[in-house]
Amino acid sequence: MTDIARPHTAAVDLSGEGLHTAPPMSYGSYLGLEQLLAAQHPRSGEHDELLFIIIHQASELWMKLSLHELRAALRQIQVDDLGPALKMIARVSRIQAQLIQSWEVLSTMTPADYSLIRPHLGQSSGFQSYQYRHLEFLLGNKNAGMMTVHQGEPAIFAALEESLNAPSLYDEALRLLARRGFDIPQEKLERDFAQPYEPDARVQAAWLAVYQDPHRHWELYDLAEKLVDLEYRFQQWRFSHMKTVERIIGFKPGTGGTGGVSYLVKALSLSFFPELLSVRTAL
């Protein structure tokens, strides 16, 4: 073998790149790493508890970013500026892929591992994630009963109440359709937004017109597909959550008083954007 065929393994000299100079703001200080890495407080002394905590903390960070993006997308739809909105919704779909993958990591925890940790969780449960509730309200799954667990936290409860009563992303999409000349029933545009959305054949007819002539209605068509992709990823997340819980605790009740797997299975039947799914049958 000649020398040219051998991989190059010589070390690269980076000493002249200023790497040994203390910057005015360091990587760690910019990211708040000292606080972030000190935010894990295992209670059981078991090896796998750190995994359990970090998976859930990282999920909350991804949900924070998802809320940031979707709220901004909703505002862009309100002012008929769909370009940025489409980018933001697509970004959330990619975030969902990260959240789905996190269940793959958590599923390396065996039932025996979890049984050593579970007594130390008390009544804490992912069901109590107020960011997740904000996400569901923003996407249209309105259910005031889901807020009761936060009644002892006035600021959180008030913020959730505001989300409950505000138009969802889909509500704003329907208002956009109406502004673009589609016949959307007035009762769908001005309604009690705290109530779950009920599908309507006239709304399906509007989306059908969009899908039958995508070149003419390209922005609306693209928005519809971005929303479908968002729901698809969200359902994958729900499904992966359910299967991970099933794998680790079987069919035992969940912490915090939920039914565990049975509760998560029910959530899989919920749809955020019903006419965007039913229109596929009508095409």
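These are my notebook entries on a predicted model, covering one helix pair, the annotated binding-site positions, and a few other residues.

**Entry 1: the pair α8 and α11**

I began with helix α8, residues 169-179, and helix α11, residues 218-249. I read their axes as coming within 12 Å and crossing at roughly 165°. The cut-off for roughly antiparallel is over 145 degrees, and I therefore logged α8 and α11 as roughly antiparallel to each other. I noted the hand of their crossing as left-handed.

Next I looked up which residues make the contact. From α8 I listed L169, A173, L176 and L177; from α11 I listed L220, L223, L227 and L230. I sorted the residues of this contact by class and got eight nonpolar, no polar and no charged. For the spacing I kept a general point in mind: residues three or four places apart in an α-helix point the same way, because there are 3.6 residues a turn.

**Entry 2: binding-site annotation around α3**

I then turned to the UniProt record, an unreviewed entry. It places the feature "binding site" at F52, I53, I54, I55, H56, Y114, R118 and T255. I checked two of these positions, I54 and I55.

I found I54 in helix α3, which spans residues 49-78. I54 has 40% relative accessibility, so I wrote it down as partly exposed. I55 also has its place in helix α3. I55 has 11% relative accessibility, and I therefore entered it as buried; the limit for buried is under 20%. Leaving out neighbours within four places in sequence, I found I55 in contact with S102, V105 and L106.

**Entry 3: H241**

UniProt, again in an unreviewed entry, also places the feature "binding site" at H241. I located H241 in helix α11, the helix that I had paired with α8 in the first entry. At 24% relative accessibility, H241 goes down as partly exposed. I looked for what H241 touches, not counting residues up to four places away in sequence, and noted W103 and L264.

**Entry 4: L50 and R175**

L50 has its place in helix α3. I read a relative accessible area of 39% for L50, so I noted this residue as partly exposed. I also took the separation between the C-alpha atoms of L50 and R175, which is 45 Å. L50 and R175 are 125 residues apart along the chain.

**Entry 5: D80, after α3**

I checked backbone angles and stopped at D80. D80 is not a glycine, yet I read a positive phi of about 60° for it. I placed D80 in the loop between α3 and α4, the latter being 82-106. The relative accessible area of D80 is 32%, so I logged it as partly exposed.

**Entry 6: α6 and G140**

Last, I asked how many residues of helix α6, residues 130-139, are buried. I got nine of its 10 residues, and I described α6 as mostly covered. The buried ones are Q131, Y132, R133, H134, L135, E136, F137, L138 and L139. I noted that this list includes R133 and E136; both residue types count as charged. Just after α6 I read a positive phi of about 115° at G140.

Technical notes:
Residues are numbered from 1 along each chain as its sequence is written. This is a predicted model: local features need pLDDT of at least 70, side-chain atom pairs count only at pLDDT 80 or more; totals for chains, interfaces and linings use all residues. Side-chain values use heavy atoms; hydrogens and water are left out. Axes are lines fitted to C-alpha atoms, for helices over the stretch in contact, and angles run from 0 to 180 degrees between N-to-C directions. Helices (H or I, at least four residues) and strands (E, at least two) are DSSP runs, numbered from the N terminus. Angles under 35 degrees count as roughly parallel, over 145 as roughly antiparallel, 65 to 115 as roughly perpendicular and the rest as oblique. A crossing is left-handed if the near helix is turned anticlockwise from the far one by less than a right angle, and right-handed if clockwise. Contact means heavy atoms within 4.5 Å. UniProt positions are given in the numbering used here, feature names are shortened, and annotations may be inferred rather than shown by experiment. Buried means under 20% relative accessible area, exposed over 50%, partly exposed in between (1.4 Å probe, protein chains only).
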